[in-house]
Amino acid sequence: MSADYDVLIAGGGMVGASLALCLHHHSRGKLNVAVVESFPLPPLNAEGPTYRPSFDARSTALSYGSRRIYDELGLWPTLRDHVADIAQIQVSDRGHFGGAMMRCEELQWPALGYVVENAWLGNVLLNHLRRHTNVDFISPATVEAVSLNVGAASLDVRRADAVESLSAKLLVVADGAASGLCDRLGIHRQVDEYAQTAVIANIATERAHDGMAYERFTAEGPMAMLPLLSDDEGRSRSALVWTFPEDDADAAMNWSDEEFLRRLQEQFGYRLGRLLKVGQRARFPLQLSVAEEQVRRHVVVMGNAAHALHPVAGQGYNLALRDADALAREVSAAAETGESPGELAVLQRYLRGQYGDQLLTTLFSDRVTRLFSNRQPVLSLARNLGLALLDSHPPLKSRFTARAAGVMNGRDGELPR
């Protein structure tokens, strides 16, 4: 059967939009691509997206490897002035001697990573797609039904009061960790609960962060403080991710701002001076969720629908972006030789190429979380000896940092110099 699209992406968030850009770039616009998104598109700004910094803006940490992908796609010049550089990462264990410091100079990189406000990144992606590509946006719309046929995936898409039947040689499921499409397709997820909840908020600090990110492990659970750009009032900000045992998260959400800052100061210390203000708090139950199937004929599962990781290590979005880039390369190369984007052999080649990166990244995130959430004395001693060894062994630290920065997958190969 003929298909309306070569690739249809269900989910137009940051992963779905990035995949659409990768597909357009690597196929040089030859693939017919559509994105179905449930939220309405923001107004298109002919001059480019606008930037309005907000104290409470939610943010994402981009690895150095992700910066390289966005650079190739032509997005980095637009993003550059609105990201905060991560020049150094300090890892510490509260009440213990072990610690490590990672610096971008040790790898001869401009930065170890970058922190960008989600709204800004999303606007840049959507603006670039709509101004510079032939990707179709079907929005606001939802996929109501899906079936897999011999030559394509068939979908019923509701837009306002009308339902439209569409087909695609390849359907990419990128609708988030609680994927309704995965449920409809009978794709199950292996879920491992951490019995933890993340509380996130932006924090105003007395001292400037100077590009320092902090990974801090406490008796309650790991926390991260990531550097942000100053807000429109000039206040220095850091993005906090603070994990609590499930039973304690409700209390943390209900603390007054003063109590929250007092307890955070107690756990984090005075590395950034006094903590002056906490923004709006949000909470997210934490789990490791991995789809039991990532590819079928005519279907790929991507982003949090494929693998949702603990946020403290900052690996989830960067892994999803590497997946998107790898899939776009594989599908575009296949189209050049006459293979359909949805052929199982094409999708299996993509998955084989990404399997090692996915496995190592998932294990890295999971093991770091579990190791530093366990307070048994013997493990605490081993953990801190390991941090001390890491800090005193430059080659080991370089490889550890590169793994965290996403530049040691199969395509990137050796460390950049």
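Patches, as the term is used here, are made of residues with over 30% relative accessible area and no salt bridge, like charges being joined within 9 Å.

**View 1. A negative surface patch in the predicted model**. Four acidic residues, Glu-193, Glu-246, Asp-247 and Asp-248, form this negative patch on the surface. The element that gives the most to the negative patch is helix α7 (residues 246-254), with three residues. Asp-248 is found in this helix, α7.

**View 2. The surroundings of Ala-282 in strand β17**. Ala-282 has its place in strand β17, which spans residues 282-291. Leaving aside residues up to four places away in sequence, Ala-282 touches Arg-58, Ala-198, Val-199, Ile-200 and Met-253. One of these contacts, Ala-198, is 84 residues from Ala-282 in sequence, yet the C-alpha atoms of Ala-282 and Ala-198 lie 8.1 Å apart in space.

**View 3. Confidence extremes, with helix α11 and strand β19**. The average pLDDT of the protein is 85, and 84% of the residues score at least 70. Confidence is highest in strand β19 (residues 299-301), at a mean of 98, and lowest in helix α11 (residues 377-392), at a mean of 49. Over residues 387-391 the pLDDT falls below 50; this stretch has 17 contacts in the model beyond near neighbours in sequence.

**View 4. The stretch of residues 409-417**. Here the pLDDT stays under 50. For residues 409-417 the model has 20 contacts beyond four places in sequence. Where pLDDT is low, predicted coordinates should not be read in detail.

Conventions:
Residues numbered from 1 in each chain as written. Predicted model: local features only at pLDDT ≥ 70, side-chain atom pairs only at ≥ 80, totals over all residues. Heavy atoms only, no water. pLDDT = per-residue confidence, 0-100. Helix = DSSP H or I, 4+ residues; strand = E, 2+ residues; numbered from the N terminus. Contact = heavy atoms within 4.5 Å. Patch = residues over 30% accessible without salt bridge, like charges linked within 9 Å, V, L, I, M, F, W, Y side chains within 5 Å. Areas by Shrake-Rupley, 256 points an atom, 1.4 Å probe, with all protein chains shown as cover. Salt bridge = Lys/Arg side-chain N within 4 Å of Asp/Glu carboxyl O. Lys, Arg positive; Asp, Glu negative; His and termini not counted. Charge placed at Lys NZ, Arg CZ, Asp CG, Glu CD.
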